[in-house]
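This report describes selected strands and helices of one structure. Please keep the sequence and the model in view while reading.

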Amino acid sequence: MAPDVQAARQPRPGLTAADEAFDRVARLVHRQLGVPAAFVAFLVPDGVALPGALGLAEPVQAARRLAVTQPLTRRVIDSGPLVLSDAAGEVHAPSVAALVGRPVAALAAFPVHAAGPGAVGALFAVDDRPRSWTETDLATLADLAATCSGEIRLRTERERAQAAERAARRAQRRSQLLLSLSETFADATTVAQVEERILEILRAGAGARWSSLALVDRDRRRIAYVSPDAQDRHLPPSMARARIDDPRPLAQVVRTAQPLYFRSNAELLAAFPSVAPHVPAGGAWSFLPVVARGLVVGVIVTGWSDDREHDPDAAALEATLAQYVAHALDRVALLEERRHVATTLQEALLTAPPTVPHLDIASTYVPATRTDQVGGDWYDAVAIDEDTTVLMIGDVTGHDMAAAAQMGQLRSMLRALAWSHDELPSALLTLLDRANHRLGPRAGASAVVVRLERLPLHGEHPFEPGSYLVTWSNAGHPPPLVLRRDGSVERLDPRPDLLLGVAPATPRHDHTAVLGPGETLLLYTDGLVERRGLLLADRIAELARALAATRGAPTSTLPPTLVRRLVSGPQRDDVAVLAVRARVTAPAAVQASVGPVQAVRQVTPHLEDLGPARRWVDDVLETSGVGARERRTAMLLTSELVTNALKHAGPPVTVTVEVRGGALRVAVHDGSTALPVVRHPEPTELSGRGVQFLERLSARWGVEVHDGAGAAGGHGAGEFGADGHRVPGGGKTVWFEVDTATAPVGAGDRGFGASARTAVVRRRADG
């Protein structure tokens, strides 16, 4: 019941039915005044409500409502207390008599007030006999009316307090929502992450089934979903994008900048029939514009599982969400621009390693995820000549634009010093430290400089062909690691010298080791191994185990593989990794009768030996002068043949590499006489394309079966270039040839024979 006069027209909920407090007042009137009927009445639009009543006729006593046009309650509200000792002449007496179900001879009524000015109802005492109301009677009735007024005022204040509490809770929820929205979008750095946050909020706050974000393109002609296959929507390409003038809800929201709400699928399809084939089964929809700088830059599309009204709270949530999404998209755009600038800078600072004969060099740089995507880590390699290469890696304090600028200066100075001064690594670091102090930037940094010198085949110490002397100097940097051929990992960890930028005159030292053919030197920055709460020695040991597990893997895969294994979660520091492998040289002792180069390798019957065998083939081809393009083709085909031999044929498995004239040949022998079969796998199958690769990528290929049965014929034409080469035991040999762009170093003029692409199957008896 309202506290002012309007409450007469709009009573409070709860006062139109029986109410225990007002019923108690009616009973007190009955007992104290001895009247047969008493009631509390309030005006309602269509008559009178009676929350407190005793002695009324049915059905009014049960219904507590009475439809009258001129109720006596109005007279009491307007004029004040009414006291009738004899109601025979009262015009309202008949209506009161109908109310109580008996003749009305006397009545008394006092107004009931609320908190505001004016009365809102009345307390009635009705007698069926004429009665002289005593002062005590009237005082008692006035007191009980005041009790009703007090109850109303108490309820009014309680409702006001509850309303204030609800308002405070809404304000608190809104504050929490704003805070949670701010925190939720604070770490979103991509549009996809913004879309994920939107779904989280709408699921928790509005019960949405799914939500997606669509963005307007730069020329403002089209709008497209960020994730067309989000949740349970799988939109075809024609529906993943829309023109701004299309008859679709997305386009209309962009044109009008007004949200669209649909209570059901039927309502959506009635408004936009063209989307019917692509709307999933569900309920309500909303299309909310995201406005930034006065323009609609996107639309938040939300779907619910069932039909629903869009209440004010949900609308307020979505409107607030749209504002935060606009700010988040602005921030993402700024970050993308900064990433572009940072990437351009990083590409300029960290160039690709040079191509060096007899060495595989691979590198990677991964920036910290919470910075400008550049930092102070760097790597470099300078080829002095074919036999000498200088490697370097370093880390300037910090991982932001300032650190990147200092890193660029140090790297450039060290690169120039390595090229112009034929000095040991310790001398190069000393020169760099002095230049850093005298010329700037006076940066603090750690670094390792390594000099690789190819050892001669003859000399004081009989080193294995293809070995390198490793000379290094360490300025406070994590120790280099060496992956030996037997799978062990050695730490090159004599005590490091002082960091750069501290004391330029400090003495620096050189250390030496030998890198054998097929062995890998690993340089890295501390971002790869440092973790809070963990000892650096333990993390370096973990890196050593991860490096040992990559034995046989291509060198190019080592840096990214190690980063994936060692770095998880948000990356706090930059990571630079440089891996260098000494290639295995082609054997020179077996080239007399079969051509300029021929090498044979036995493969153990385990798939783990596939990687080393593949690398061995690449080494033989590279050291024989075969170009990178032809080596990549040969590596792919060799992988297919060796994999098939190990998985489907069985031992003994032998790989033979021959290089002569303008071609190379790789032959894989295994212990089975089963011929390879051309298969046509489905696009989803991961294997079964080996023979197809042979057909398409090789110049010639064939199969020779060693079953002792004599020639069994074949198809196609062509001869083997190594007919005199005997393969021990039975089984078969699958071979392929690849033409090279130029004749390899030392190759003769004679090729392998066949000039056209062929697939040859021959059988011969051995022994």
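A residue is called buried if its relative accessible area is under 20%, exposed if over 50%, and partly exposed in between (1.4 Å probe, protein chains only). Helices (H or I, at least four residues) and strands (E, at least two) are DSSP runs, numbered from the N terminus. The model is predicted, so local features need pLDDT of at least 70, side-chain atom pairs count only at pLDDT 80 or more, and totals for chains, interfaces and linings use all residues. Residues are numbered from 1 along each chain as its sequence is written, and side-chain values use heavy atoms, without hydrogens and water.

Strand 22 (residues 575-582) is mostly covered, with eight of its eight residues buried. In a regular strand the side chains alternate between the two faces of the sheet. On one side of strand 22, V575, V577, A579 and R581 are buried, and on the other A576, L578, V580 and A582 are buried.

Two strands pair if DSSP finds at least two bridges between them. The table lists three antiparallel pairs.

| Strands | Bridges | Facing residues |
|---|---|---|
| 13 (residues 359-366) and 22 | eight | V366 and V575 |
| 21 (residues 520-524) and 22 | five | L523 and L578 |
| 17 (residues 468-475) and 20 | five | W472 and H511 |

Strands 17 and 20 belong to an open, antiparallel sheet of five strands in the order 14-15-16-17-20. Strand 14 (377-385) and strand 20 (511-515) each have a single partner strand, so one side of each is left without a neighbour in the sheet.
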